[in-house]
Every structure is written in C-alpha cells, then in structure tokens.
Amino acid sequence: MATGAQPRAGVWTTRWTTLTLVLIPVGIAINFVGKFVAQALKLPLWLDSIGTVLAAFIAGPWVGALTGALNNIIYGLTVDPVSFWYFITSVGIGLSAGIMARLGFIRSTARAVVAGLVVALVATVVSFPINIYLWSGQTGNVWGDALFTALTLRGVPLWLASFLDELVVDLPDKVLTVLIAFGLFRALPRRLLSQFDLGEAGHRRTA
Amino acid sequence: MTPIVEVEGLTYRYPTGQANALENVSFAVEAGQLVGVVGPNLAGKSTLCYALLGLVPQVFRGQYEGRVTVAGMDVNRTPVHELARRAGLVFQNPFTQLSGARLTVEEEVAFGLENFGVPRGEMRRRVEWAMDQVGIVHLREKSPFLLSGGELQRLAIACMLAQRPDVLVLDEPTSQLDPSGTREVFDCIARLRADGLTVVMVEHKLERLLEHADRLLLLADGRVRAWGPPGEVLQSGQLESCGLALPAPIRVAACLGARSASGSLPLRIEDTVAALRVARLAAKAGSFEPAVRTMDTPADREESRLSTSRTVPRIALRGVSFAYPDGTRVFQELSLALGGVEPGAAPEGYVAAGAGPVALIGENGAGKTTLVKLIAGLLRPQSGEILIDGQAIRAQTAAQIARRVGLVFQNPDDQLFKSRALEEAMFGALNLGLSPREAERRAREALERVGLGSLAEENPYDLSLGQRKMLALASVLAMQTPILILDEPTIAQDHPGVERIGRLVRELQTEGRLVIVITHDMEFVASYCPRVVVLARGAVLAAGSARAVFAQPELLGQAGLEPPSTLRLARALGLSADPLTPGEFIEYWTGLGAGPSDRPAASVPPG
Amino acid sequence: MRPVGLYVERQSPIHGLDPITKLSYAVCLALVPFVAGDLRITFVALVVNLGLLVVGRVLREGLLALAGVGFFLATLFIVQGMVYPGNATPLVSVGPLVLYQEGLAHAAWLSARFINLTLSAFVLLFTTRPADLVDELMRAGLPPRVGYVLLSVLQIIPSMAARVSVIQDAQRSRGMETEGPVWVRMRALLPVLGPLVISSLVAMQERALALEVRGFGAPGPRTFYRPPWQHRLAWPVRLAALSALLGALVWRLAG
Ligand SMILES: Nc1ncnc2c1ncn2[C@@H]1O[C@H](COP(=O)(O)OP(=O)(O)OP(=O)(O)O)[C@@H](O)[C@H]1O
Ligand SMILES: Nc1ncnc2c1ncn2[C@@H]1O[C@H](COP(=O)(O)OP(=O)(O)OP(=O)(O)O)[C@@H](O)[C@H]1O
Ligand SMILES: [Mg+2]
Ligand SMILES: [Mg+2]
C-alpha cells in the first residue's frame, strides 16, 4: 500500500502529532528569547511573539493559537502573573498569523508585511479592552502612554485613545515580528518542513 | 517458529528525497536473534531502523510500499506508542534523544516507564538496573544536559534498556563509547538475549558484530546486498565490494592464507589465532606458502621524517586546573606538552607526546573534549597557564586563538549555524579577513577535500550526520590554521570516510601542521597517529609513541581502552613483537616464516 | 544553567507545602480584590501575602522583584491623575499638568490590586520549583501532553540560554569576535539568534522521534517516578483560601 504524497492543507488543517506538540514549547521559548533581546537592547518593542507566529506559520492557526495561550499561561505561572490576562491577545496573534500564512501571505516579503499589518490590527483589537479593564486604558509603553495622555487631554474618548495607544506600539512591533518569523521560516531545512502540512505557506518551498 | 520481525518488499522514499532510501528490502528475524546491519554511509540503515518502529512512514511520511511487522503488529497501522511497548530504538545521534523534560539522569531513564504506567516500585528497580548496565549510576543526580558525548550515549541506551522491549533496535549505539564501554554494551546485550531479547543493530564495528551476530544484513544504496550468517556474508566478498573494511585480524588471516578448519575465513580473533597456529605448524612442515600482499602503510613509517624535534612545544599546558560551574572537577594541576618536543627532551614537570599527529584517547568523561576546549580558549582554566608556540593565551580572545588553532567539535550540530554549506565553510575564512573570492576558493577546496564538493548549496541540516561532521571539518580546514584539533572525527563515517580523514591527517602533517585527534577508534590511532596521550579521570596516564603506549595493556585497561586488535592477535599468539597494523603483522609473520628472529619489542622496524 | 522562574532554594514552612495547595492559595488571594472591589479588603490580602513571604523567607527577593514594576506603577499615577474620567478635585499642578485627587485614588486602587496579584503569585513562585508544580498538576489530572509542554518550556529556556553560548563558541572558534567590551558582545548577540531558533527547531524534530519511541502519548494511566507530595496542612490551607474568596464575594454582595 502507498501512503501517497502529502495532501495540500486547507486553512484550518492541523496534523496533531508529537512533532506538533513539541513545536509548542520551542515556540514559547523563542518568544522568551525575543522578549529578552528586546529588553537587553532596550528597544521600545516587545518582540515577544516571534515563536507564536513561527509556530503558526509552520503548523497552522490552531497550533499558533495554542502556543500563544500556553505562552501566557506559563509566563504567568513563572514570572509575570499579569500576562495571564493577555492570553487572549496571544491567541489572536497565533490564529491570525496562521490564517494569513495558509492564505499564501508568506510567499514574499511584501505579502509578509501585509500579514504583519493584519496581525497588528488583531492584536490591538483584542488587547485594548483588556488594557481598559486592568489599567483604565494604558499599555505601560512610554510612547504609547504619552500619546494616550495627549489624546485623552484633548477630549478623545477613552476607548479610542486606548486603541490608538495600543496600535502605535503594536504596529511596528507585530510587523517586525512577522518579518523576523518570515526570515526564519525561509531558512528552515526542507527535511523539517516536509513533516508538516504547510498549505499555501509552503507553496514556494515545495514547488 | 514465526519470525518476530518481518520485512517484506519494503520500498520507501522520503518526501524530499530524490531517490528511494530503501528499495525492495526483505528479511526476517527470529526471536532471540541478533541481526547486524552494515553498509556504507547513506545506505539506508537509519531509515530501516525508523521503519521498524513505524516512524517511517507514520512520522516521516513519503512513499511507502511493502509490509513490516514487528511482534505481530503491522507498523504502518499501529500507533508508534503501541509498537514502543514491544520495541525500542536507540537513535544514531546521542545528542538529540533526551526527553527535554527531566532534570536528572535517573528521572530521564524513568521517563518512558512513566509514560507506560509502570508501577513505581518496579520502575525504581528497572531504572537502577539499566543505569548499572551501562555504568552511569554515579551520574544519577547530574543534569542530562551536562554530560559528555559518551555519557549521553550510555544514557540513551539505558533509557531503552529500562523499557525492557522484546525487540531492540540500535543505530550505531557505541559510536561515542570507549572500547570498554563498547564491550560492556555488547556483553549486556548478550545477557539479555539469553532472556529472549531480539536485537537489530547497525554498527560499523564489524569485529564485534561478527562475534555476536546470528545474521548480517548488508545494505548499500537502499538495497540488500547480502543477507545471511556472518560467515557467509564475509565469504561472499560483498562487504569489500561495498567499500567496507574487514576487521584487522580477518584481513591478516585472508592475506596470510590462514583458514579455519572448515576452510572458511576465521570470524573471531580466537579463530584467527587458531588458524595462524595451524598455518605456522604447517610452515614448519614445509608447506607454508604465504600469499603476501602489501596492505597498510603504518603511520610511523613517516614518523622519523616528521620528527623535526623542537625545544618549544606547539602547545603547552602548565599546571592547569579546571572545574565546570556545576562543580564537576575535570583537571587538577595538569601539565602536558603537545607537538614537537620528544618525551625525553620535555621540560621539567611536563609529559610530552612527541612529534607527529597526536591521538588523545581515554575513557568517556575523562576530559578530552574539555581539554581541547581549554586549548581553543572556549573554556578558561581556573588556574595554570596554556601556551601556544610559547605564548600564553590568557590575554587572547577565542577568536584570536582561532587563527592558530582550528577545532572541530564532537557534535557537528554545535558547530554549524549557516543555512548553506558553502557559507558555513566560508565563515571562518571571511573572519580571517580574506576577500570573499579567496574565502570562497578556500571553502570550495576544503569541501572538495572532505568529499562534499557537490553539496555546497545544501542546507547543512538537510545533510546526514556523517556529512555534517565532514562539513564541520571543512569549515575549519578552510581557515588553514597551523594547529588542527579534531574531536572524534570518525564518528558516523563509513570505512572510506575514515580513510579519507586518515589521509587528511597525514597530508596536514606533511604540510607542517600539528594535528590532534580525539578518538575511540584504536585502529585509526594505530594507522594514522604515531603519538598518543592517554587521559583518565583528568590526568595523563601515559604519553609518547603509539607503540610504547599500546605495549602496556594494564595501563590501557585503567583508561577503559584496549590495544588495536592486531596487537591483541600478536599477544594471543605469543609473539614478542608489537605490530600495530595488519601490514606490520604480516611483514613480521612472514619474516618469522623465513626464520623466527625474536627481536626486542621496541625495535621492531616500522612497516 | 539556572532554571527559569523565580524559585529561591530555601528551607521554610512555605517551601515544604505542596505546590497544588500553594497554587490554590495564590489564585484565590489574587482574585479577592477583583471580587470584593474594595480597597480595604485589598489591603488585608496584601498584608496576608506579605506575612507569608516573611514566613517563606523570601520577602527581600519579593520586594526587589516588585521594584521592577515600580516605573510602570508611577506612570499609572501620573497618567490616571491627569486623565481619569471622574477627575474633579485638582491636587497638585506641575507646569501645565494637573493631577487630580480622584485619578490618584483610582491609580492607587489599580496598583493595590496589581501588587496584591503579584505578591499572591510570589508566595507560590518564590517557594516552588516550577517542575514540581507541573509534576503535581499532572498527578492531579492535568493531561500529560499539556504537562509535557509546560515542563519542557521550563527546560528549554535555560537550555536555549546554554545554546547561545554553544553557538557563540562555534562562531568564536572560527574567528568571530564575541568577547570584549559591551558593544562587541551586543553586536555578537544578533548573529546568534537565527541559528539559535533554527537549531532549536531541528533539535525539536529529533526529540519528537525520541519521544515517540518512549511511549509519549500512550493512552492509559501513567505513573510517577517521584512519590506524591503530601502535607498535613494541605486541605486546611486550601479551604481557608477558598473561604477568603467566598468572604470577598459576600462582602461585595452585602455591599
Ligand atoms: N529526513 C530525511 N529526509 C530526506 N531524506 C533523508 C532523510 N533522512 C535520510 N535521508 C536520505 O535517505 C538515504 C538513506 O539515509 P540513511 O540516513 O538511512 O542512511 P544511513 O545508512 O543511516 O547512513 P549513515 O551511515 O550516514 O548514518 C540517504 O540518501 C539520505 O540522504
Ligand atoms: N557543560 C558541562 N557542565 C558540567 N559538567 C560537564 C560539562 N561538560 C562535561 N562535563 C563533565 O566533565 C567531564 C569531562 O567531560 P568531557 O566532555 O571532557 O569528556 P570526554 O573525555 O570528551 O568524554 P567522551 O569520550 O564521552 O566525549 C564529564 O564527567 C562530564 O560529565
Ligand atoms: Mg544512519
Ligand atoms: Mg568528548
């Protein structure tokens, strides 16, 4: 009997294997590394979801979402309890990155930028209500909060100020994150990628 | 009796493969047998191992035809964890088989048993037993991430032994082990077979396989080239035609025309001894006509030419002490001179190895890797001084030292970091400040030298383990450093690969460079390294010419080593000479035929 | 190789308590302010947490770690002081900026809630080895696959840190400068990241194979090498924590 060639994966197809499972901790660890580097270099960015995005590129939106969720749970359990609250944001990032990849948005750098914008938008939409609940709208990022203050003082409604506060931080952060993940994805060996269903994400490589 | 492992018409191609990795492979193994799988690099040995556990095709996917059953289960239909209750697999690369979720060696061994739900009392017993079988009880509390290569490989074997499978598949399980560790593993397997364990074992150490195997499977290019009892496979001549080397004693016997009673080639060293005794008696009776062919050129033929004795050693360690941050103390006041200075002429307090390529040998965990990392400046001694060409390296960065000392790591995956083989090979040369064109020229030349010329555009991670080792070697070669250190270069190489490295060692030496080789392969030492340093538990047990060191079996025993088999053969025959290679043995033996001259051991003329 | 997390190795009654109990405690106490919605109750919770950090002999470490978020809390006071919607009573003015009493009070409430959350977690985190926590959770029924992910993250992060130096060794041994003044080391960090990620992913692939043959994912009951963690006070403490949370709810409802 023949086990045949790999079927083309749809947007939501996920191969739940041990390999997929092991990808999750590695993704979380990559997030951690990114965050560490951003802090060490004193960048005004988070860079803490590179692994989530990469996992989503490799194994699809569900795995991206799960990586994001567990990332925040573990971070909350070990270092920073507040990150629990933001696990929904991470889920959003993982889902949107995975969907964009499967729709063929990581075939070229230009397309990857579009994917980055979408991920940024999703992250913002999910985060700002949490910011409003926990911190009455702030993000803790100096630039964002300065904008927030200026806007609120000019009478801009809280939700909009908070949204923009989050957006100015997320936009550069997520676009850069997606581009970094894109670069890493392209450098991965074929032997590794051949064990996943890449869908349109793999178009360029397997062609 | 129905076979416990059955492979029928197995043909398989990886998803990214250009050709079939396995082609129409069929064989069957009876319960309790030991099947040795041999073949050159890329023959498909590891792929076959994967196929026996269902990893091919379940995990790897790709095109699969044929049928494999293990313990009555069709491996294509049974989930791997189900198969794993009855079958175990030790992977080729010891550095990547940790669970990654356990903090100590003993918990790592227990990991599989926890998954299978083995009750705690039973689990504790099995963990103790398995650690004891491979000699790692003393490491039980240590973090598995901090073990030496050989210790890791022992751990990997222990993990599988503890699962007590009915069928055990081992992919080059002793590649990083010292000779006594290798013997222990084979002995342990022999004991377990007495209880019914079935073993499929990929192994380059043919001598041991011939001693233990019931069947040999010879693979090349994914096809079965020979299958049957070891004697038959040996007689068929297929091993040589696939580029494999017969064990030294057998080559000696073949060359001298010695045959066992049944007229076939002797398989074990004892058989060779007996056959040679018979041949010698026959010779005395006048009918001995040795069919002499010249074989190896022993290393120390070149020794005299190379020994341009110096007064300053290339590398000197003066009272070096070192401990790892976790408290593992490796060296205490070590003093050693490598390269150039003859043992007699060494400065006060030094042990010196002499001129010529140096082999650094010793048991697992002795500190060999640690020592060369100290020399390369990757680790720094807590006290003492290291000098290269008379100059202390303390104030130099590792990058500066790298201009003079090239180090090829034990684990190639620790050394490779580019996504193209050519870039990898160019990296060092570029850091030397060469122009990109010159760097590329050197890189291509180095790749050519290690036989990877056609793979320059590949991603290093798409290469096999043996190729990755060669790539790491090429990337250091391209820097053309005056000193070159190779940490276990022959691992995962087939016979042509080992010879290639051996030739390279010689060439580099004639180019005037100092080559230091860490290896557990005593035949390699005998053939290519006239100088030897024996390390045991962080101390130098002996240093000097290979011949002098190998002549001291008790000392070797203390370091978990044993002499090359030709020498063991000579001892078993009661010869008074110390032939290190088959060539030497044959020359000496035929000399005996002409009239025994019991020359003193030390003055046996080389070659 | 330092394991990830805040755990401080010490002898104390809190260290001796089993991880599940500490986890239940931390969750309940962290939620108390959110449920009660009252600053006074929050202070009571804060004091209890501080007391336990003293008993656990980790007060100093806890306060130091808290100082790390001091900057964020300060911005909370400034921004809320200026922009809180309910602001009516000016308190201080610095140049053109005015801080209001209501905003500052609101910031105090937000930060008390935050500090309490953090300290409750610290009671758990500073006194519990993360691996022990996950082990106990698995024993209590956490699916082994999830447990594996949690455990292996805890291991992978330090081993990635170790990997950074391995890759740097590879680069140094081929002549790339990675030692020296801060800027050299900083610059040397970037070329490590690509290889770090890729080699971790490749290693992951081989690890997955090894896990498969070690029965990972086998259904059916699993067992544990280490004996279970039993503590005399486990249930009393859990019940006390739960009643604190219920008490907070009652307080809220009673108004
Ligand atoms: N994961 C993989 N993806 C694609 N091709 C592979 C993979 N692993 C091995 N191959 C290819 O399959 C063939 C057989 O390789 P295999 O590793 O089984 O050989 P081997 O006999 O074990 O070699 P070695 O002695 O070097 O270990 C080779 O051509 C190899 O390049
Ligand atoms: N990073 C580390 N941290 C702590 N201990 C270590 C580390 N690396 C090695 N060791 C220990 O130091 C000792 C010497 O290790 P080393 O790697 O030098 O041995 P080796 O002689 O090269 O052995 P092998 O033949 O198995 O490769 C071993 O006992 C090992 O467990
Ligand atoms: Mg192999
Ligand atoms: Mg070593």
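Throughout this tour, a residue is buried when its relative accessible area is under 20%, exposed when that area is over 50%, and partly exposed in between. The structure on screen is a predicted model.

**Stop 1: the magnesium ion, ligand 4**

Select ligand 4, a magnesium ion, together with B:Thr369 and B:Gln410. The protein donors here are OG1 of B:Thr369 and OE1 of B:Gln410, and they lie 1.9 to 2.2 Å from the ion. B:Thr369 belongs to helix 14 of chain B, while B:Gln410 sits in the loop between strand 17 (405-408) and helix 16 (421-431) of that chain, so the pair ties together parts that are 41 residues apart in sequence. Colour the two donors by accessibility. B:Thr369 has a relative accessible area of 22% and is therefore partly exposed, whereas B:Gln410, at 11%, is buried.

**Stop 2: ligand 2**

Keep B:Thr369 selected and add ligand 2. Which residues come nearest to ligand 2? Of the 21 residues around this ligand, the nearest are B:Ser148, B:Gly150, B:Glu151, B:Thr369 and B:Thr370.

Display the polar contacts next:

- For B:Ser148, an N or O atom of the side chain is 2.7 Å from an oxygen atom of ligand 2.
- For B:Gly150, it is a backbone N or O atom that lies 2.7 Å from an oxygen atom of the ligand.
- For B:Thr370, a polar side-chain atom lies 2.4 Å from an oxygen atom of ligand 2.

Now show the surface. On its own, ligand 2 has 630 Å² of accessible area, and the protein covers 89% of it. Helix 6 (149-162) and helix 14 (368-375) of chain B are worth highlighting, since each supplies at least two residues of the shell around ligand 2. Sorted by class, that shell holds 4 nonpolar, 11 polar and 6 charged residues.

Between which domains does ligand 2 lie? Colour chain B by domain: both domain 1 (5-236) and domain 3 (298-404 + 481-603) give residues to the shell, so ligand 2 lies between them.

**Stop 3: the magnesium ion, ligand 3**

Move to ligand 3, also a magnesium ion. The coordinating atoms are OG of B:Ser46 and OE1 of B:Gln92, at 1.9 to 2.3 Å. Trace the chain through both residues: B:Ser46 is in helix 1 (residues 45-52) of chain B, and B:Gln92 is in the loop between strand 6 (87-90) and helix 4 (105-115), so the pair ties together parts of chain B that are 46 residues apart in sequence.

Are these donors buried or exposed? B:Ser46 counts as buried because its relative accessibility is 19%, and B:Gln92 is likewise buried, with a relative accessible area of 19%.

**Stop 4: ligand 1**

From B:Ser46, extend the selection to ligand 1, which lies between chains A and B. Of the 16 residues around ligand 1, B:Asn41, B:Lys45, B:Ser46, B:Thr47 and B:Gln92 come nearest. B:Ser46 and B:Gln92 are thus listed here as well as among the donors of ligand 3.

Three contacts to oxygen atoms of ligand 1 can be displayed:

- B:Gly44 places a backbone N or O atom 3.0 Å from an oxygen atom of the ligand.
- B:Ser46 has a polar side-chain atom 2.7 Å from an oxygen atom of ligand 1.
- B:Thr47 has a side-chain N or O atom 2.4 Å from an oxygen atom of the ligand.

The protein covers 85% of the 630 Å² of accessible area that ligand 1 has on its own. Helix 1 of chain B gives the most to the shell around ligand 1, with 3 residues. The shell comprises 6 nonpolar, 7 polar and 3 charged residues.

**Stop 5: B:Thr78**

Remaining in chain B, select B:Thr78, in the loop between strand 5 (73-74) and helix 3 (80-83). B:Thr78 is buried, its relative accessible area being 12%. Add B:Gly54, 24 residues away along the chain: the two C-alpha atoms are separated by 7.8 Å.

**Stop 6: two residues of chain C**

Finally, turn to chain C and select C:Ser173, in the loop between helix 8 (144-172) and helix 9 (182-213). With a relative accessible area of 4%, C:Ser173 is buried. A polar atom of the C:Ser173 side chain lies 3.0 Å from the backbone oxygen of C:Ala170.

End at C:Leu253, in helix 10 (residues 234-254) of chain C. C:Leu253 is exposed, with a relative accessible area of 69%. A C-alpha distance drawn from C:Leu253 to C:Phe122 spans 29 Å, for a pair 131 residues apart in sequence.

Notes:
Residues are numbered from 1 along each chain as its sequence is written. Chains are lettered from A and ligands numbered from 1 in the order in which they are written. This is a predicted model: local features need pLDDT of at least 70, side-chain atom pairs count only at pLDDT 80 or more; totals for chains, interfaces and linings use all residues. Side-chain values use heavy atoms; hydrogens and water are left out. Donors are N, O and S atoms within 2.8 Å of the metal (3.2 Å for Na, K and Ca); water is not among the atoms, so sites may look incomplete. Helices (H or I, at least four residues) and strands (E, at least two) are DSSP runs, numbered from the N terminus. Buried means under 20% relative accessible area, exposed over 50%, partly exposed in between (1.4 Å probe, protein chains only). A residue is near a molecule or strand if one of its heavy atoms lies within 4 Å of it. A polar contact is a pair of N or O atoms within 3.5 Å; within protein, one must be able to donate a hydrogen and the other to accept it, and residues adjacent in sequence count only if both atoms are side-chain atoms. Accessible areas come from the Shrake-Rupley method with a 1.4 Å probe; for residues, only the protein chains shown count as cover. Ala, Val, Leu, Ile, Met, Phe, Trp, Tyr, Cys and Pro count as nonpolar, Asp, Glu, Lys and Arg as charged, and the others, Gly among them, as polar. Domain bounds come from an automatic or database domain assignment.
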